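Please look through the sequence and the model below before reading on. The paragraphs that follow take up charged pairs, an enclosed space, a group of strands and the cysteines, in that order.

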Amino acid sequence: MITAELPLPKPSQLALSHSNQLAELIRAKILAQSQQTISFAEYMQLCLYAPNYGYYVAGQQRFGEGGDFITAPEITPLFSRTLANFYQETLFQLPSNNRTIMEIGAGTGRMAVDTLLALQAANLLPTTYFILEISPDLKARQRALFRNEAPDLLPYVIWLDKLPQAFDGIIIANELLDALAVHRFAWQNNTVKEYQVGVDNNGFYWALSDAKNSQLITAVSELTPYLEPNCVYHSEVNLELPAYLTSLADCLRHGKIIFIDYGHFTENYYASYRANGTLLCHFQHRAHKDPFIYPGLQDITCHIDFGLLERCGLALGLQLDCCQPQATFLIENGLIQLAEAEFSALTVSQQCKLSQAIQQLTSPNAMGEVFKVMVFSK
């Protein structure tokens, strides 16, 4: 359970030193600019992906009980087994010598292991399970998990550093898009301002100025049908998402792209009750809204605009197969039946734990509604 807005734990001295080094790198980048600010998108990109220092590339535990947050595959193996049920029809339609899955950003490797175990039990193992992973630390953790829990499946796994030029099969991205860097903007009376990041002796701070980024101005102007005229917005827009989806669509020749993430459709994303945006940070299972604390040690994230994702996919010629709340998708693909099949063999304590896991995945008050599954095919 993530506790919001409580006092944050103190990092270790080693972690704090790491953070300070990244902060100095960002400070130098800011002071080198003529206006002595950078866009929030650039700041977020550095915090998450700066070589050797960024949250997702430096060696530190981020997922699970000892990390900053828990993803759905870590809650129960049934999540990945349900996904494996969904994969089977697509894999069966592919040639037996070219049944492939590519997971982008595999975290601890938990979903990869559990998915392959489920497909092995169904006698429908893919020819190859690609993992596209930019973090050397996470690659090592993923390999270790396979060696410990499914060594016979290691020959099926190939790690990639970049997208292949051509791919047939299933592309899966679970909680990936929310880690793309976003631009922060303010909007009032058809005027667009951009939140930049500055720095002084007290640290990083927000600097609001007239927007000069033409791409940002265009993107916000395209949102005006959804923005309430008398409301002042302080929100974000993901300018990276169209290009990212384009790269996946260009790579995919035949198959499906599956996104699982938390977010809203455009009309709800920019509703007046969400006029302060969705920017959120996670540090040791506490959620808060200050992205300037402990650079490189905390996750910085925003909800996904699924309306934008849908519009981009259709513009690229992809077919939208479905967009459902996570609860609906999991139940339609056999989550309850999978749970029932193993329930009677469990102890009472294990049964309670499994029930709680299913509740967390499907309850509207947990992950069931805000998490969505969007599937494109080509």
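A salt bridge is here a side-chain nitrogen of Lys or Arg within 4 Å of a carboxyl oxygen of Asp or Glu. In this structure, which is a predicted model, that rule gives a count of nine salt bridges.

Helix H5, which covers residues 110–121, is a good place to begin, since it holds both Asp-114 and Arg-110, and the two residues, four apart in the helix, are separated by about one helical turn. They form a salt bridge whose closest N and O atoms are 3.1 Å apart. Asp-114 is buried, with a relative accessible area of 7%, and Arg-110 is buried too, with a value of 16%. Arg-110 also forms a salt bridge with Glu-149, and there the closest N and O atoms are 2.5 Å apart. Because Arg-110 lies in helix H5 and Glu-149 in helix H6 (residues 136–149), this pair ties together parts that are 39 residues apart in sequence. Glu-149, at a relative accessible area of 41%, is partly exposed.

Another of these bridges links two strands: Glu-236 pairs with Arg-184, with 2.8 Å between the closest N and O atoms. Since Glu-236 belongs to strand S10 and Arg-184 to strand S7 (residues 183–188), the parts that this pair ties together are 52 residues apart in sequence. Glu-236 counts as buried at 1% relative accessibility, and Arg-184 counts as buried at 8%. Returning to the helices, Arg-110, Asp-114 and Glu-149 are joined into one network by salt bridges that share partners.

Glu-236 leads on to the enclosed space, because a lining residue is one with an atom within 4 Å of a point of the cavity, and Glu-236 is among the residues that line the largest cavity, together with others including Val-182, Tyr-269, His-303 and Leu-308. Strand S10 (233–237) and strand S15 (304–305) are the elements that give two or more residues to this lining. By class, the lining has seven nonpolar, two polar and two charged residues. The volume of the cavity is about 70 Å³, and the count of cavities of 30 Å³ or more comes to one.

How do the strands further along the chain pair? Strand S12 (residues 280–283) and strand S14 (residues 299–301) run antiparallel and are joined by three bridges, with His-282 standing opposite Asp-299 in S14. S12 also pairs in the antiparallel sense with strand S13 (residues 286–288), again over three bridges, and here Phe-283 stands opposite Arg-286 in S13. S12 and S13 form a hairpin with two residues between them, and Gln-284 in the turn has a positive phi of about 50 degrees.

The cysteines come last. A disulfide is a covalent bond between the sulfur atoms of two cysteines. How many disulfides does the structure hold? The number is zero. For Cys-281, the closest cysteine sulfur is that of Cys-302, and at 8.6 Å it is too far for a bond, given that a disulfide requires two sulfur atoms within 2.5 Å. Cys-281 counts as buried, at 0% relative accessibility. Cys-312 is likewise in no disulfide, the nearest cysteine sulfur, in Cys-323, being 14 Å away; Cys-312 is buried, with a relative accessible area of 13%.

Conventions. Residues are numbered from 1 along each chain as its sequence is written. This is a predicted model: local features need pLDDT of at least 70, side-chain atom pairs count only at pLDDT 80 or more; totals for chains, interfaces and linings use all residues. Side-chain values use heavy atoms; hydrogens and water are left out. On a 1 Å grid over the protein atoms alone, a cavity is a set of points where a 1.4 Å probe fits but cannot get out, and a pocket is an open set with protein on both sides within 12 Å along at least five of seven lines; lining residues have an atom within 4 Å of a point. Grid points are joined across faces, edges and corners, and a volume is the space filled by probe spheres set on the points. Ala, Val, Leu, Ile, Met, Phe, Trp, Tyr, Cys and Pro count as nonpolar, Asp, Glu, Lys and Arg as charged, and the others, Gly among them, as polar. Buried means under 20% relative accessible area, exposed over 50%, partly exposed in between (1.4 Å probe, protein chains only). Two strands pair if DSSP finds at least two bridges between them.
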